[in-house]
Each structure stands twice: as C-alpha cells, then as structure tokens.
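Biologist: Could you take me through one helix in this model, slowly and in detail? I would like to know how it begins, which way it faces and what surrounds it.

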Amino acid sequence: MSKVLVTGGTGYIGSHTVVELINEGFEVVIVDNLSNSNVEVLNGIEKITGVRPVFENIDCVDYVAMDNMMDKYGEIDAIIHFAASKAVGESVEKPLLYYRNNLVSLINLLQLMPVHKIKNFVFSSSCTVYGQPDILPVTENAPIKPALSPYGNTKQIGEEIIRDTIYANPTNYQSIILRYFNPIGAHASAEIGELPNGVPNNLLPFVTQTAIGIRKQLQVFGNDYDTPDGSCIRDYIHVVDLAKAHVVAVKRMLTGKSKDSLEIFNLGTGRGLSVLEIIKTFEEVNQVKVPYKIVSRREGDIEKVWADPTFANEVLGWKAVETVEETLRSAWAWELNLAKLRN
Ligand code: UD1
C-alpha cells in the first residue's frame, strides 16, 4: 500500500482529497497545524471511509518537527502539499506571515524530501498566477502576470522554487503542480465541507451562511465589469472533482507516467459563471433565498477567468464531471448538516 503525506489534510480541499486517497487504497498521514481547520474533520473522514487517517498536529514551518515526523512514519511515497494561508486580504496586511507560512513550509518539505528518500510532490497552486489573462479560456502556457497580493506571489514564487529545485536535482524530484480554479461544494455525504474560521472571504461559504441566516446579506462586489451581467466570472469546480485530480496525479508519478519531472495542469471545468448566475442557480436548485446587494468592486479582483482544461483532460486523464447544480446542492446540504451539528 502506498503512503501519502498530506499537509493541510484537515482543510477544505485537503480533507476531500484524503477521502479520495483512502477510497483508492492509499495509506494517509495528515499533517496540519489546525490554523484554519478543525480536528473534528477526522470524524467526518472516518464516517465516509471507515478509516481514521493518522493525524499529526505539526506546523510545516517547523523543520525539526517535520524531520522527526518523517522518521516516525518511515517510507513515504508522495507528498501532497496543501498547507498554506490563503486569505488574499489578510496577506496584504500581513505579508511576512504569508511569505513565512507558504514559502518556508515549501522549502522545508523540498529539503527534507531527499533526506527521507521521498521523490514525488504535488503542489497546490492557483489560477491567480495568470492574473487577468489576455486570452480566455486560459491554458497552462499563458504568461504569468505580476501578482496582485502577497498570497498570489507566494504561489508564483512557490512554483519557481519547485522548478529551480528540480532543475538542480532532476534525479531526486518529480512534481506535479496543480493550478486550481474556484473549488466549491462538499462531499455528497455532507460529512465534510468548507468551514472557514470567522467571516468567509470566499463566495460560496458566504452564500450558504446568508441563506441559512448566519449573515444578513451577501455583498456582490461590483456589477459594472465587462461581462454579460456585469458581475465577475469564475470557473467554479466541485471540490470532489478537484480532489480526485490529486489521486490521479499521485498515481501518475508512482507509475512512472509523467512525461517530465515537472508537469503543470489547470484544474477547472472550462465553464465560466458569474457571481449573479451562481446566486440565481443556488436559489433555484435549493429553493432558498439569498438576500444580496450590489456594492462596489473588491480591490484586486480579476474581472473574468476560466480554464482551458484540455491539457488535464488529455494528458493527466482527468476531467471535472459534476454539474454546477449538483455542486451547489452539495454546498447547501453541508451548511444544513453543520447547523445540525451546531445544535
Ligand atoms: C481568491 C483568489 C484566489 C485564491 C482564492 C483562495 C484573487 C483574484 N483570487 O479567489 O487566487 O486561490 O481566493 O481563497 O484574489 N464575491 C462576492 N461577494 C463575496 C465574496 C466573493 O461578490 O462576499 C465574488 C468575488 O468578487 C469574485 C467571486 O465572488 O468575483 C469569487 O470570489 P472568491 O470566492 O473570493 O474567489 P476568488 O477571488 O476568485
């Protein structure tokens, strides 16, 4: 049985990926410092899979603790590195926190990999590296634009650190960088989902929390963009589809199918939806109202971006299959289940 170390494994995308890894027969070791997640996520994972993954409460910035942890678990076949801070606004206020968390943890892992004979590395990147693309849908060959926030910069620099490291040591490393578009939704069981600390920054948790009455009103950031209804367009992808891509990526490296020691794939659906379309569809499929008002634009927002997923479809052999309706239903089912758990 192959063993995968998942950093950030109690987080939103991490927990869904752990479920898919276990379903596919992998042994999982989770490392997470619980800075933006809850240890109870392990109960949800166990309910879904029947397996409680090993969990270590460690900050990836702590080199010695990571070194000891790797000693403890012996042979690790691959690392999926999710652990990172991801709030764009906060990163503008606390740039050093973001550079330290996101870059030191990455450097630690890359340094420790050859020490522990770990070759395979999957990195969570973001479509934010494209900025506002000149051509849509955006392919992996689109130019990287100057980052609009320290968070975005950590993803760009992270990709460069990986590229340089592999270039210098091509026999020691093999990596797949996955550029996520906008993951939303939750596992069909509603046992795990997105659970941001405090007031959500991202659209979907704000939508579900408004629908259930935790927030009074959703603010739609701008309706004067150059889009059909004036609101921003994104490529929203079901988090389970996204999670499955990680399993495909790990298997690809373990079975020697990678065409290069570094490969980069867009993970999106290829379909762009506006903020107003998301709200309307959410209301329709769930038969619930989402009170909202249009406010001014949010600083740093991209007007429109959606993926060309052809490369991932054809070369990685992975495709997003969930409909947006099902995805929005799953997001609401998770919010309803959370309300039950709270009471
Ligand atoms: C942002 C980052 C992305 C990062 C992700 C992780 C940018 C350009 N992108 O994605 O790199 O990986 O966060 O957290 O910074 N919206 C509202 N009202 C709200 C919340 C959002 O109208 O209360 C709108 C936004 O203006 C945007 C869309 O919903 O048009 C999606 O926003 P969000 O979920 O925050 O994701 P991104 O900004 O696309």
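**A close look at helix α3**

Modeller: Happy to! At the start of α3, a side-chain oxygen of Asp-62 comes to within 3.3 Å of the backbone nitrogen of Val-64. Please keep in mind that this is a predicted model.

From there, let us see which way the helix faces. α3 spans residues 63–73, and its buried residues are Met-66, Met-69, Met-70 and Tyr-73. These four lie on the same side of α3, because they cover an arc of only 100° around the axis. The general rule behind such a pattern is that an α-helix has 3.6 residues a turn, so residues three or four places apart point the same way.

The face turned away from that buried side carries Val-64, Asp-71 and Lys-72, which are exposed. Val-64 therefore appears twice in this picture: its backbone nitrogen is the partner of Asp-62, and the residue itself sits on the exposed face.

Now for the surroundings. The buried residues of α3 are covered by elements including the strands β1 (3–7), β2 (27–32), β3 (54–57) and β4 (78–81), along with the helix α5 (95–115).

Finally, the far end: Gly-74 follows α3, and its phi is positive, near 65°.

For wider context, the largest nonpolar core has 37 residues, of which Leu-21, Ile-45, Leu-267 and Trp-318 touch the most other members. Helix α8 (residues 239–254) gives the most to this core, with eight residues. Another core, of 28 residues, lies apart from it and includes Ile-58 and Met-113.

Technical notes. Residues are numbered from 1 along each chain as its sequence is written. This is a predicted model: local features need pLDDT of at least 70, side-chain atom pairs count only at pLDDT 80 or more; totals for chains, interfaces and linings use all residues. Side-chain values use heavy atoms; hydrogens and water are left out. A nonpolar core is a set of buried Ala, Val, Leu, Ile, Met, Phe, Trp, Tyr and Cys residues joined through side-chain atoms within 4.5 Å. Buried means under 20% relative accessible area, exposed over 50%, partly exposed in between (1.4 Å probe, protein chains only). Helices (H or I, at least four residues) and strands (E, at least two) are DSSP runs, numbered from the N terminus. The arc is that of the directions from the helix axis to the C-beta atoms. Contact means heavy atoms within 4.5 Å. A polar contact is a pair of N or O atoms within 3.5 Å; within protein, one must be able to donate a hydrogen and the other to accept it, and residues adjacent in sequence count only if both atoms are side-chain atoms.
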